[in-house]
Amino acid sequence: MKKLLLVNTNTEKFPYPIPPLGICLIASFLKGRYDVSIYNGMFDEGLSLESVIRSFNPDFIGFSIRNVDEVVPEKARFFIEGVYRNFIGPARKYTNVPFILGGSGYTIFPKEILEYTGADYGIAGEGEEALLSLLGAIERGEDAGSLCNVFTRRGHGPGVPGVLNDYSLRPYSTIDKNLDFTPYTERGVYSIQTKKGCALQCIYCSYPVIEGRKYRLRTPSSIADEIEQASARLGSGVTFEFVDSTFNEPKGHAEEICRELIRRKMKARMRTMGINPRNTSRELFHLMKEAGFTQIDVTPDSASPSMIKNLRKGFTMDDIKRTAGLIREFDLPSMWFFLYGGPGENRGTFNETLDFIDNYINPDDLVYMSGGLRIYPGTPLFDIALKEGYISSSVNLLQPSVFYFSKGSPREELKEWITLACIERMNCLPGYETTPPPGMLAEASVLRQKQSLDEPMFRTLLRLRREWKAAGKL
Ligand code: B12
């Protein structure tokens, strides 16, 4: 059997190290057809890649590229540089086998990253079936340049977002069997995906580019099986995190999953990102609480009526107010994310969102405020920016500094508004302030251990922030 080495090139440990779900799914899918091994670069950062390549002696190497940059204008860190320096560059010194790229970050810039890294092939979008076809074509000596979603140095095949309609036909991942899960049990989470696709129309977002617009759902029973089996292997300490672009879309799917988890009386600890205000209801929150959700992320981006329209968020002010009310009613710890600076943003619309934060959001919940929208290819924002003359058609979007700021909220002014708003509100943090002071983090850890706190870390940190401020330490 031919050997495939899959390399996780993500070394980013903020906000916590996340397990490489994508390559674990691919490994499960290719089991029995290829001898697959995973090298997890998250903690080793490429140091033992040479010995892994020498001892496993792969016929192909797949590199998973998740992050391109931080999507924070103030921090223009470019992750692809590190991917080349720590992984692809050194690996090329030890072997001449075909190098294949894939992953969510890669999918946004398939041609550019292939060129930057000098790899042989790339697959945009989900890797399972596409990688199988590509490996077959390489083995048979065929030209792979016409295969769906495959990029080569000479050209690429047609782009087909989402190759499989019945997502349940694929095996689910068993992350902890594919790699050493120990370092993730303390700070990390077990990632789980309940569907692919995002049908929302948000103008700046890359998710539909990565996953396609059509929802392809897993069955609630397969999701519950995965959680049940992983819980049995890993014990009750593990937190399951849903990584869908938006958890509560399309309406009804999240509810069905929760019902299945409740029916099985599973006591797993769960959290999710991507709660969209559009389809929230008392029933959804009740089910989520019952099922074991201990924390959620809500991502409205704006609470200004005109900005919600301009960003094509697809929800109304009533939706977002109802969502804030339900979060308080069910006491579900939440992190809120607002994104300022889109087309039409100005001081007035900025203030409208602040009013919402002040009047509706639980002060014990955390609010992140970011300024500037990363311009991605294939998005409506790219077309708007081009039409406004904000960027030219020859701009290199791979650079981590290409952000959109409206005329009414210029970069520096917006940064000042956000900084000031966050100074005035103890539960608000600017998007660029991603880590709390080390002393506060250490104090929070001691406090959590001493008092056996099982609240989300952000709640402990918010309390300390208030105490430090009162004591003049901030
Ligand atoms: C969930 C999520 C998060 C969660 C992660 C929680 C968790 N437990 O994993 C949170 C909120 C913590 C997060 C944080 C960040 N995220 Co994020 N996140 C996502 C999201 C929505 C889904 C990722 C995911 O797990 N997908 C599910 C898995 C199964 O899919 P996958 O990994 O893509 O794998 C499939 C394919 O890509 C492919 N594939 C993968 N690897 C390989 C390898 C080969 C060889 C092949 C052929 C194919 C292949 O096949 C896989 C199976 O189908 C994506 C957007 C998206 N829709 O993809 C953004 C996304 C990946 N995040 C992004 C970013 C930037 C970040 C942060 C850097 C933001 C920040 N400043 O904090 C951090 C980094 C965190 C870290 N430690 O790495 C960007 C990356 C692009 C970019 N601009 O750099 C994305 C694309 C969103 C965006 N802005 O466009 N994120």
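The legends below describe close-up views of a predicted model.

**View 1. Three domains of the protein chain.**
The domain assignment divides the chain into domain 1 (3-152), domain 2 (189-432) and domain 3 (435-474). Between the centres of domain 2 and domain 3, taken over C-alpha atoms, there are 25 Å. Where domain 2 and domain 3 are in contact, 19 residues come from domain 2 and eight residues from domain 3.

**View 2. The ligand between domain 1 and domain 2.**
Both domain 1 (3-152) and domain 2 (189-432) give residues to the shell around the ligand, so the ligand lies between these domains. The ligand has 44 residues around it, and those that come nearest are Ser64, Val68, Ser206, Glu241 and Tyr376. By residue class, the shell holds 21 nonpolar, 14 polar and nine charged residues.

**View 3. Helices and strands that supply the shell around the ligand.**
At least two residues of the shell come from each of helix H1 (21-30), strand S3 (60-64), strand S4 (99-102), helix H5 (104-108) and helix H10 (207-211). Which of these elements gives the largest share of the shell? H1 does, with five residues.

**View 4. Polar contacts of the ligand with Asn67, Ser104 and Ser191.**
Asn67 has a side-chain N or O atom 2.9 Å from an oxygen atom of the ligand. Ser104 takes part through its backbone: one of its backbone N or O atoms is 3.4 Å from an oxygen atom of the ligand. At Ser191, a polar side-chain atom lies 2.9 Å from a nitrogen atom of the ligand.

**View 5. The open sheet of six strands.**
The strands follow the order S2-S1-S3-S4-S5-S6, and their pairing is mixed. Strand S2 (35-40) and strand S6 (150-152) each have a single partner strand, so these edge strands are left without a neighbour on one side. From one strand to the next, the twist averages 25 degrees. At the S6 edge, strand S5 (residues 121-123) pairs with S6 in the antiparallel sense over three bridges. Tyr121 has Thr152 in S6 as its bridge partner.

**View 6. Helices H3 and H4 on the six-stranded sheet.**
Helix H3 (residues 49-56) packs on this sheet, where it touches strand S1 (3-8), S2 and S3. The direction of H3 makes about 165 degrees with that of S1. Helix H4 (residues 79-94) also packs on the sheet and touches S1, S2, S3 and S4. The direction of H4 makes about 170 degrees with that of S4.

**View 7. The open sheet of seven strands.**
This sheet has the strand order S7-S10-S11-S12-S13-S14-S17, with parallel pairing. Its edge strands, strand S7 (190-192) and strand S17 (428-430), each pair on one side only. The twist from one strand to the next averages 20 degrees. Within the sheet, strand S12 (residues 293-301) and strand S13 (residues 334-340) run parallel and are joined by four bridges. Ile296 has Ser334 in S13 as its bridge partner.

**View 8. Helices H13 and H16 across strands of the seven-stranded sheet.**
Helix H13 (residues 282-291) lies across strand S11 (269-275) and S12. H13 runs at about 145 degrees to S12. Helix H16 (residues 347-360) lies across S13, strand S14 (366-371) and S17. H16 runs at about 170 degrees to S13.

**View 9. Two cis peptide bonds and a positive phi.**
Most peptide bonds are trans, and most residues other than glycine have a negative phi. The bond from Phe14 to Pro15 is cis, with omega near -5 degrees, and Pro15 lies in the loop between S1 and H1. The bond from Glu249 to Pro250 is also cis, with omega near -15 degrees. Pro250 belongs to the loop between strand S10 (239-242) and helix H12 (253-263). Val71, a residue other than glycine, has a positive phi, near 60 degrees. The loop that holds Val71 runs between S3 and H4.

Methods:
Residues numbered from 1 in each chain as written. Predicted model: local features only at pLDDT ≥ 70, side-chain atom pairs only at ≥ 80, totals over all residues. Heavy atoms only, no water. Near = heavy atom within 4 Å. Polar contact = N/O pair within 3.5 Å; in protein donor to acceptor, adjacent residues only side chain to side chain. Nonpolar A, V, L, I, M, F, W, Y, C, P; charged D, E, K, R; others polar. Domains from an automatic or database assignment. Pairing = 2+ DSSP bridges. Axes fitted to C-alpha atoms, helices over the stretch in contact; angles between N-to-C directions. Contact = heavy atoms within 4.5 Å.
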